[in-house]
Every structure is written in C-alpha cells, then in structure tokens.
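Student: Could we go through how the labels for this protein's helices are decided? I would like to see the reasoning behind each word.

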Amino acid sequence: HNGCYFEPVHGSAPRIKNNMANPCAMFLTIGMLLEHFNYKDEAQIIIRAIKNIVNEGRFCTYDLGGTTSTYDMASAIIDNCSTTLP
C-alpha cells in the first residue's frame with residue numbers, strides 16, 4: 001500500500017523475434033498486484049487462465065515449445081479469463 005511496485009522483470013532478450021516473447025510474466029504480475037490489493041478471486045482467474053493455456057499447448061510461445069506470437073498467446077489468456085469468471 002505504501003510504495004508497491006509490480007513489474008514483469010526480464011532482460012532485453014535480443015535473440016527473441018519481434019512479437020514472440022512469452023506474455024505470462026506480465027499476466028502473473030497483474031495477478032500479484034490484484035492479490036496484494038485483496039482481489040484474490042480475480043488473481044486466481046488470471047493464474048488459472050495461464051495454466052489452462054500452457055497446459056493446452058495450443059497457444060504457446062517458442063520458449064514453451066510452440067510457435068504462437070506474443071499477441072496470440074496474450075489474447076488466448078484474456079479469452080480464457082473471460083470464460084472462467086465465477
């Protein structure tokens with residue numbers, strides 16, 4: 001509440017092609033922020049969506065064995081969030 005800072009930390013990743021980075025750290029950071037401010041249910045929706053997408057394997061970036069773009073994986077996570085609302 002005083003001086004909170006949430007950031008998906010990563011390096012510059014010069015070897016990653018444009019729009020091919022894994023967006024999961026960004027979403028997990030949002031989940032941490034929500035949990036910190038007592039939006040625990042909303043944080044769990046994000047975490048579940050990430051797990052669902054990664055376990056399904058259809059929308060994964062290269063580091064997870066896929067070929068999906070950052071945008072497409074992020075969109076899949078967002079779509080999964082909206083289908084797992086309580």
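Student: Which residues in α2 meet residues in α3?

Tutor: Keep in mind that this is a predicted model. On the α2 side you find I45, I46, R48, A49, I50, N52, I53 and V54, and they meet M73, A76, I77, N80 and C81 in α3. By class, this contact has ten nonpolar, two polar and one charged residues.

Student: What makes R48 the charged kind, and N52 the polar kind?

Tutor: Arg is on the list of charged residues, along with Asp, Glu and Lys. Asn is on neither the nonpolar nor the charged list, so it counts as polar.

Student: Why are α2 and α3 called oblique to each other?

Tutor: Start with the value: helix α2 (residues 40–56) and helix α3 (residues 70–83) pack at an angle of about 125°, with their axes 8 Å apart. Roughly perpendicular covers 65 to 115 degrees, and roughly antiparallel needs over 145. An angle of about 125° fits neither range, so the pair is oblique. Their crossing is right-handed.

Student: And why is α1 called roughly antiparallel to α2?

Tutor: Helix α1 (residues 24–36) and α2 have axes that cross at roughly 160° and come within 7 Å. The cut-off for roughly antiparallel is over 145 degrees, so α1 earns that name with respect to α2. This crossing is left-handed.

Student: Which residues make the contact between α1 and α2?

Tutor: From α1 come C24, F27, L28, I30, G31, L34 and E35, and from α2 come K40, E42, A43, Q44, I46, I47, I50 and V54. They divide into ten nonpolar, two polar and three charged.

Student: Let's pick L28. Why is L28 called partly exposed?

Tutor: L28 sits in helix α1, and its relative accessibility is 38%. Buried would need under 20%, and exposed would need over 50%. With 38% in between, L28 counts as partly exposed. Leaving out residues up to four places away in sequence, L28 touches I47 and I50.

Student: How do you know that T70 and M20 make a polar contact?

Tutor: A polar atom of the T70 side chain lies 3.2 Å from the backbone nitrogen of M20. The limit for a polar contact is 3.5 Å, so the distance of 3.2 Å meets that part of the test. T70 lies in helix α3. Beyond residues up to four places away in sequence, T70 touches N19, M20, A21, P23 and T61.

Conventions
Residues are numbered from 1 along each chain as its sequence is written. This is a predicted model: local features need pLDDT of at least 70, side-chain atom pairs count only at pLDDT 80 or more; totals for chains, interfaces and linings use all residues. Side-chain values use heavy atoms; hydrogens and water are left out. Axes are lines fitted to C-alpha atoms, for helices over the stretch in contact, and angles run from 0 to 180 degrees between N-to-C directions. Helices (H or I, at least four residues) and strands (E, at least two) are DSSP runs, numbered from the N terminus. Angles under 35 degrees count as roughly parallel, over 145 as roughly antiparallel, 65 to 115 as roughly perpendicular and the rest as oblique. A crossing is left-handed if the near helix is turned anticlockwise from the far one by less than a right angle, and right-handed if clockwise. Contact means heavy atoms within 4.5 Å. Buried means under 20% relative accessible area, exposed over 50%, partly exposed in between (1.4 Å probe, protein chains only). A polar contact is a pair of N or O atoms within 3.5 Å; within protein, one must be able to donate a hydrogen and the other to accept it, and residues adjacent in sequence count only if both atoms are side-chain atoms.
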